[in-house]
Each structure stands twice: as structure tokens, then as C-alpha cells.
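I opened my notebook to go through one chain, contact by contact. The structure comes first, then my entries.

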Amino acid sequence: MNISERPPLPGPEAALDYGHGEFRVVRPGAFVRCAVTGSPIRLEDLRYWSVDWQEPYASPEAALLRLRRAGRA
């Protein structure tokens, strides 16, 4: 089984405070939603986020797309 074959995420959506190199859980939950794609991201799989915009991304491609839309890339 790989990441794309995992069962649906149980539990509520988390709220996080995104810092440089780490995040802090503000409201416990099982996942967050990608700010670009809307797809759920398990907290243990979360690798990409913006400190400035305080939003998570499912992949480096999603983060780059967000930067392009904002005119920063």
C-alpha cells in the first residue's frame, strides 16, 4: 500500500500554526486541506507549507502553483 492507496482519513480537520521548519497544532485533527488542490493531507505526511500565508500544500508542485498565482515565481 502506498500513500495514494490509504483509506479515507478519519476524524476532524486540524488547525495548524505554520512556522519555519515546523508546525504547531492549534486544534487537533487528523488532516489539513491543501490550499491549492483542496485534497486532504495527513499531518504525518505534511511537508510543504507557507509561513507567510499560513497554508499547507500537498506537493511542491502545488506550492509552486500558489507562488505563480501570487506573482512570486
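My entries below cover a hairpin, aromatic rings, charged pairs and one helix residue.

**Entry 1: the model.** I noted at the start that this is a predicted model. I read every entry with that in mind.

**Entry 2: the hairpin.** I looked up strand 1, residues 15-18, and strand 2, residues 23-27. They pair in the antiparallel sense, over four bridges. I then asked which residue of strand 2 is the bridge partner of A15. I found R27. Next I checked the turn. Four residues lie between the two strands of this hairpin. G21 sits in that turn, and I read a positive phi of about 80 degrees for G21.

**Entry 3: a charged pair on the hairpin.** I looked up D17 next. Its side chain meets that of R24 in a salt bridge, at 3.8 Å from N to O. I put D17 down as partly exposed, because its relative accessibility is 33%.

**Entry 4: aromatic rings.** How many aromatic pairs are there? I counted two. I took Y18 and W49 to begin with. Their ring centres are 6.0 Å apart and their planes stand at 35 degrees, so I logged the pair as tilted. Y18 belongs to strand 1 and W49 to strand 5, so this pair ties together parts 31 residues apart in sequence. Is Y18 buried or exposed? I found Y18 buried, at 5% relative accessibility.

Then I took F23 and W49. Here the ring centres are 5.4 Å apart and the planes are at 90 degrees, so I logged the pair as edge-to-face. F23 lies in strand 2 and W49 in strand 5, so parts 26 residues apart in sequence are tied together. I read 29% relative accessibility for F23, which counts as partly exposed. I drew Y18, F23 and W49 as a cluster linked by ring pairs.

**Entry 5: salt bridges across the chain.** I counted five salt bridges. In general, side chains of opposite charge can pair when their charged atoms come close. One of the five is between E13 and R33, with the closest N and O atoms 3.8 Å apart. E13 is in the segment before strand 1 and R33 is in strand 3, residues 31-33, so the pair ties together parts 20 residues apart in sequence. I found E13 partly exposed, at a relative accessible area of 32%. R33 is partly exposed too, at 38%.

I also looked up D52 and R72. They form a salt bridge, and their closest N and O atoms are 3.9 Å apart. This pair links distant parts of the chain, 20 residues apart. D52 is in the loop between strand 5 and strand 6, while R72 is in the segment after helix 1. Are these two buried or exposed? I logged D52 as exposed, at 63% relative accessibility. R72 is exposed as well, with a relative accessible area of 53%.

**Entry 6: helix 1 and a charge over a ring.** I looked for E61 and found it in helix 1. E61 is exposed, with a relative accessible area of 58%. Its side chain joins that of S59 in a polar contact of 3.2 Å. I also checked E61 against Y48. They are 13 residues apart in sequence and 9.9 Å apart in space, C-alpha to C-alpha.

Which residue lies over the face of W53? I found R66 there, at 3.8 Å from the ring centre.

Notes:
Residues are numbered from 1 along each chain as its sequence is written. This is a predicted model: local features need pLDDT of at least 70, side-chain atom pairs count only at pLDDT 80 or more; totals for chains, interfaces and linings use all residues. Side-chain values use heavy atoms; hydrogens and water are left out. Two strands pair if DSSP finds at least two bridges between them. A salt bridge is a side-chain nitrogen of Lys or Arg within 4 Å of a carboxyl oxygen of Asp or Glu. Buried means under 20% relative accessible area, exposed over 50%, partly exposed in between (1.4 Å probe, protein chains only). A polar contact is a pair of N or O atoms within 3.5 Å; within protein, one must be able to donate a hydrogen and the other to accept it, and residues adjacent in sequence count only if both atoms are side-chain atoms. Rings of Phe, Tyr and Trp (its six-membered ring) pair if their centres lie within 6.5 Å; planes under 30 degrees apart count as stacked, over 60 as edge-to-face and the rest as tilted. A charge sits over a ring if NZ of Lys or CZ of Arg is within 6 Å of the ring centre and within 35 degrees of the ring normal.
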